[in-house]
Amino acid sequence: MPRRSTVHEQALPTETLIVDNGAYTIKAGFASTTPDSTNCHIVPNCLARERDKRVWVGDEIETCRDFGEMAFRRPVEKGYLVNWEAEKAIWDSTFLDTKSKLHCDPNGTNLILTEAPNTMAALQANCDQVIFEEYGFATYSRHIGPSLNAYNDIQHLFGASARGAQSSAIPAECVLVIDSGYSHTTVTPVYKGRPIHQAIRRLDIGGRLLTNYLKEILSIRHYNLINEEHLVNEAKENILFVSNDFKYDLERTWQSGSQARNKRKPEDEANEIVIDYVLPDYNAGTQGYMRPHDPSLAAKVKKMGAMANPGGVVEDFMTLGNERFTVPELLFNPMDVGMREAGLPETVMQSLLGLPSGLRPAMLSNIVVIGGNCRMDGFMERLETEVRQLAPAECIVRIAEAPDPIKSTWLGGATLATDPTALKALQVTRQEYLEHGSGWVSRIFNKTITR
């Protein structure tokens with residue numbers, strides 16, 4: 001029998017903490033009367049161990065200067081929070097440390113927490129238990145992350161005038177959210193703020209797989225970087241782009257000299273694919289960066305080894321060509337590495353087929369893209385082109401990137417928190433958890449029962 005609480009119902013706290021608990025970073029901050037992404041703080045969601053065995057927790061890693069052979073332990077695997085021991089260490093450092101910008105008293109704080117679509121019930125129950133029994137938050141609401149984007153001003157992304165403050169907490173009627181993050185890529189149709197579960201689709205390709213694939217390629221062609229996750233991840237963010245003409249760009253990297261110049265499009269003169277990426281030097285405190293490829297310098301380095309720059313500092317660099325666009329091509333053609341999955345445009349159409357036919361045109365005309373992968377050059381153009389090719393000719397296709405694709409989900413939660421009445425309807429108090437148990441809480445969050 002669930003325990004009965006003798007505590008009388010009290011007024012809800014006025015302070016609300018929104019936590020978008022991503023696999024790569026935690027986006028967290030307190031709600032305000034006017035939602036602003038500047039109130040959102042980004043915290044690395046990992047424990048990191050240096051070569052000398054020192055362990056960095058959460059945002060402590062921002063003060064680290066030597067990432068060589070650093071090992072990372074992440075509480076979120078494949079999009080799901082599976083290691084609360086590690087996560088609790090990060091949360092304690094972030095939310096309970098009095099020196100932290102996000103310090104709070106859980107007993108006097110409302111919590112809005114995100115989770116991945118289709119999270120297993122056992123993981124949800126474990127999460128509820130930690131929130132109420134370990135931390136003791138006053139109230140708590142658990143949301144599928146992409147669904148919070150419906151509370152943002154969706155129509156403003158497509159050119160409409162900004163909505164008024166009186167309607168700020170009203171979710172968009174129809175929005176199709178594509179979230180391409182670190183662990184995976186999901187397509188989530190959201191109707192009036194509620195995800196349509198049977199139409200949610202997942203592509204098991206995200207930033208982590210792209211980083212690992214790039215590590216393998218670079219380790220074979222250039223240097224052994226298998227143990228340099230941080231270095232390769234930074235390189236990935238700097239150099240990758242999505243090709244809008246894959247075969248043509250592949251030919252450009254194969255051809256040389258006059259043959260390449262004869263087939264080059266005029267607009268490509270200032271947009272060379274082949275570049276040199278200078279590796280970071282942690283001893284000297286220099287960051288990695290890319291620069292235009294210099295064939296004469298590359299040939300000289302092959303003979304002489306590492307080269308000194310004009311300042312006298314020895315630098316190592318890699319000459320990169322088709323690696324820059326063949327890696328992100330996996331998002332559109334997973335079969336390139338033998339994954340039996342549809343590409344992202346096809347996954348979008350599969351999601352639409354899981355919806356009632358009357359909702360499909362509205363979803364196609366309100367597609368919002370979030371997540372770190374959408375910031376790659378060429379990603380949005382390629383996605384829109386291929387979705388238009390697959391969509392019915394009579395449907396209008398509108399695709400927009402969120403103004404801040406990393407903090408967009410957090411901003412949606414902050415917008416929801418501006419309406420106490422709407423928030424209260426979605427929250428569960430600690431008293432209710434103690435009275436009814438985790439199973440009842442799960443049914444409330446899944447909308448299978450109402451209070």
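Helix α5, residues 229–239, lies across three strands, β15, β16 and β19, and runs at about 145° to β15. Keep in mind as you look around that this is a predicted model. The three strands under discussion form an open sheet in the order β16-β15-β19, with antiparallel pairing. Because β16 (289–292) and β19 (317–320) each have a single partner strand, they stand at the edges, and one side of each is left without a neighbour in the sheet. Neighbouring strands here are turned by 30° against each other on average, direction ignored.

To follow one pairing in detail, start from strand β15, residues 275–278, which pairs with β16 in the antiparallel sense over 4 bridges. One of the places to look is Val-278, whose bridge partner in β16 is Tyr-289. As a general point, strands of a sheet pair through backbone hydrogen bonds, either parallel or antiparallel.

Now move to another sheet. Here 3 strands form an open, antiparallel arrangement in the order β5-β4-β6. At its edges are β5 (55–57) and β6 (71–73), each of which pairs on one side only. The twist averages 20° from one strand to the next. Strand β4, residues 47–49, pairs with β6 in the antiparallel sense over 3 bridges. If you find Ala-48, you can trace its bridge partner in β6, which is Phe-72.

Next, let us visit some single residues, beginning with a loop. Asn-366 sits between α11 (360–364) and β20 (367–370). Is this loop residue buried or exposed? With a relative accessible area of 7%, Asn-366 falls under the 20% cut-off, so it counts as buried. Its side chain has polar partners: a contact of 2.7 Å joins it to the side chain of Gln-155, and another polar contact, of 3.2 Å, reaches the side chain of Arg-398. Leaving aside residues up to four places away in sequence, Asn-366 touches Gln-155 and Arg-398 as well as Ile-154, Phe-158, Cys-174, Val-175 and Leu-176.

Leu-176 also leads us to another stop, because Val-348 touches Leu-176, along with Ile-178 and Val-187, when residues up to four places away in sequence are not counted. Val-348 has its place in helix α10, residues 344–353. Its relative accessible area is 0%, so Val-348 is buried. You can also compare Val-348 with Leu-364: the two are 16 residues apart in sequence, and their C-alpha atoms are 9.3 Å apart in space.

From there, turn to Ser-408, which lies in helix α13, residues 408–416. Ser-408 is buried too, with a relative accessible area of 6%. Which residues does Ser-408 touch, not counting those up to four places away in sequence? They are Asn-149, Asn-152, Ile-370 and Ala-402.

Finally, take a look at the cysteines. A disulfide is a covalent bond between the sulfur atoms of two cysteines. How many disulfides does the count come to in this model? The count is 0, with a disulfide taken as a pair of cysteine sulfur atoms within 2.5 Å. Among the cysteines you can pick out, Cys-40 is buried, with a relative accessible area of 5%. Cys-374 counts as buried as well, at 1% relative accessibility.

How values were computed. Residues numbered from 1 in each chain as written. Predicted model: local features only at pLDDT ≥ 70, side-chain atom pairs only at ≥ 80, totals over all residues. Heavy atoms only, no water. Pairing = 2+ DSSP bridges. Helix = DSSP H or I, 4+ residues; strand = E, 2+ residues; numbered from the N terminus. Axes fitted to C-alpha atoms, helices over the stretch in contact; angles between N-to-C directions. Contact = heavy atoms within 4.5 Å. Buried < 20%, exposed > 50% of the residue type's maximum accessible area, 1.4 Å probe, protein only. Polar contact = N/O pair within 3.5 Å; in protein donor to acceptor, adjacent residues only side chain to side chain.
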